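Biologist: I'd like a close look at one part of this model rather than a tour of everything. Could you pick one buried spot, walk me through it, and then work outwards from there?

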Amino acid sequence: MASALIGRQFALSLQKNLWLSAPGCRYVSKAAPKTQLEFDYDGPSMKTSVPGPRSQELTKQLGNIQNVGAINFFCNYEESRGNYLVDVDGNRMLDIYTQISSIPIGYNHPALLKLMSNPNNLSTLVNRPALGILPPENFPDKLTESLLSVAPSGMTRVQTMACGSCSNENAYKSIFIWYRNKERGHNTPSDDDLSTCMINQTPGCPDLSILSFMGAFHGRTMGCLATTHSKAIHKLDVPSFDWPIAPFPRLQYPLEEFTRENAQEEARCLEEVEDLIVKWRQKGKPVAGIVVEPIQAEGGDNHASPDFFRSLRNIACKHGCAFHVDEVQTGGGSTGKMWAHEHWGMDNPADIVSFSKKLLTGGYYQRDELQADKAYRIFNTWMGDPSKNLLLSEVLNVIRRENLLEEVTRSGKALLNGLYELQAQYPGILSRARGQGTFCAIDICDDETRNRILLKARDKGVLLGGCGDRSIRFRPALVFKEYHVHIFLNIFSDVLAQIK
């Protein structure tokens, strides 16, 4: 209650000020709507360095059970609110990484807490059905209310899954099944198909491939790893498939100063895509599908123009390949639209669109022709979780009710403008500020400096994430307001001044 009151007083005081953004000034913005203030804190509050003593103690304890090399610190999720994550040592941090881009409307949103406290929802929470064989009575209606209400253009079918990797893994299977049925001219396999697949031989296990891009990340399961090319640690020691890998455009910034060079770079990459499709067909490993992220997230927040993606879509159609858009990290509103591919302005953008993270459940949308043709071809025990669809329905209600996609566009503009200013102020440290909505990133002069900045920012109460070789990525929740942007910019500016 006290925190909420402080938050309201803080925001009201901000209303009296104009937004100042000149280099060297502190950033101030208008108040957020009341719905946000009711559950958000007023700012970071740090009691120890991170990880603190309690986190260190718990890390040691868990280390006796499993590998803890990736753990940053332990969290107190009960005390976390809105845009703020609280750790077990009482440190309250402005979270601009949100569980690797996975928290849609902040921590402990009142609408979601109310939903969870409704006795009518207990059955959905307590009983997790094997959806492929024994779905609950309300499952079709709940899918219609949630996932189908935000379906990408031209898609009326959705397959739920548990996470991003299994979403992409099963999407690839759907592509291969579709491609082989197309080759056969029907969906009835031969006796030879049935017998050879049992011993991992052709024609039952065909030599087909998925074309992916350098810098891509599509997951850590076996098929997904063959299309993941962002960090060696993901792939090291794991056998993989001989599938084609195309270059992804490396754009120069500012974009308006390198229009010709960037167009040439995209044309080069598209030409290589076509060459690889031809080469792999000649090798006897035809490309059944192309998979691409609208923004390469793990690989360094690499962007390409709408023209690049439209041309890529045309290449897929020309060569009879399925076009799979991986929106696991970009989907859910952080670019200012529900789907990042909507920025391409296409009526027929994809054959498959996979999702997870901010959509709370995993899965993929697909065109009718990619629907599995037989039972158990796309199948596992859970195939998602109805409780996540229940949560997603309410998340979507909040997004609409509070106009959060418009909020993301405003906050994203403020964030990117602030990054541009800091980039101009610290040209020896920062470069290539870029983004869409709040899905933003900036490059640091080198990896060591990037990591120092991340740790210093964390100790000052801001959680950020790295990506690529030397980038910092920003992945706030959709309830990230302009005044949160300015809280961040002030702290980030202080960190950069220390680094300099």
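Modeller: Let's start with Ile453: its relative accessibility is 0%, and buried means under 20%, so Ile453 counts as buried. Keep in mind that this is a predicted model. Ile453 sits in helix α16, which runs over residues 447–459.

What does Ile453 touch, once residues up to four places away in sequence are set aside? Its contacts are Ile429, Ile444, Ile472, Phe492, Val495, Leu496 and Ile499. To get from here to another part of the chain, take Arg310 as a marker: Ile453 and Arg310 are 143 residues apart along the chain, and their C-alpha atoms are separated by 37 Å.

That brings us to helix α13, which covers residues 306–318. Its 13 residues reach 18 Å from the first C-alpha to the last, close to the 18 Å expected at 1.5 Å a residue. Which residues of α13 are buried? They are Phe308, Phe309, Leu312, Arg313, Ile315 and Ala316. These buried residues cover an arc of only 160 degrees around the axis, so they fall on the same side of α13. Asn314 and Lys318, on the other side of α13, are exposed. As for what covers the buried residues of α13, the list includes the strands β4 (209–213), β6 (287–292) and β7 (322–326), along with helix α12 (259–282). Just after α13, Gly320 takes a positive phi of about 70 degrees.

Now for the enclosed spaces. The structure holds 2 cavities of 30 Å³ or more. The second largest cavity, with about 30 Å³ of space, is lined by Tyr179, Ile277, Arg281, Pro286, Val287, His319 and Cys321. By class, that lining has 5 nonpolar, 1 polar and 1 charged residues.

The largest cavity contains about 60 Å³ of space. Around it you'll find Thr124, Pro136, Asn138, Phe139, Lys142, Pro386, Asn389 and Leu390. Two elements give two or more residues each to this lining: α7 (139–145) and α14 (386–401). The largest share, 3 residues, comes from α14. Sorted by class, the lining of the largest cavity has 4 nonpolar, 3 polar and 1 charged residues.

There is also an open space to look at, the second largest pocket, which holds about 810 Å³. It is lined by 25 residues, and those nearest its centre are Phe176, Gly204, Cys205, Pro206 and Arg377. Helices α8 (164–184) and α9 (191–197) each supply at least two residues of the lining, and α8 gives the most, with 7 residues. The lining of the second largest pocket has 12 nonpolar, 3 polar and 10 charged residues.

One last stop is Gln201, in the loop between α9 and β4. Is Gln201 buried, exposed or partly exposed? Its relative accessibility is 43%, which lies between the 20% limit for buried and the 50% limit for exposed, so Gln201 counts as partly exposed. If you want a sense of distance from this loop, pair Gln201 with Glu271: they are 70 residues apart in sequence, and 32 Å apart in space from C-alpha to C-alpha.

Methods. Residues numbered from 1 in each chain as written. Predicted model: local features only at pLDDT ≥ 70, side-chain atom pairs only at ≥ 80, totals over all residues. Heavy atoms only, no water. 1 Å grid on protein atoms, 1.4 Å probe; cavity = no way out; pocket = protein on both sides within 12 Å on 5 of 7 lines; lining within 4 Å. Points joined across faces, edges and corners; volume = space filled by probe spheres on them. Helix = DSSP H or I, 4+ residues; strand = E, 2+ residues; numbered from the N terminus. Nonpolar A, V, L, I, M, F, W, Y, C, P; charged D, E, K, R; others polar. Expected span 1.5 Å × (residues − 1). Buried < 20%, exposed > 50% of the residue type's maximum accessible area, 1.4 Å probe, protein only. Arc of directions from axis to C-beta. Contact = heavy atoms within 4.5 Å.
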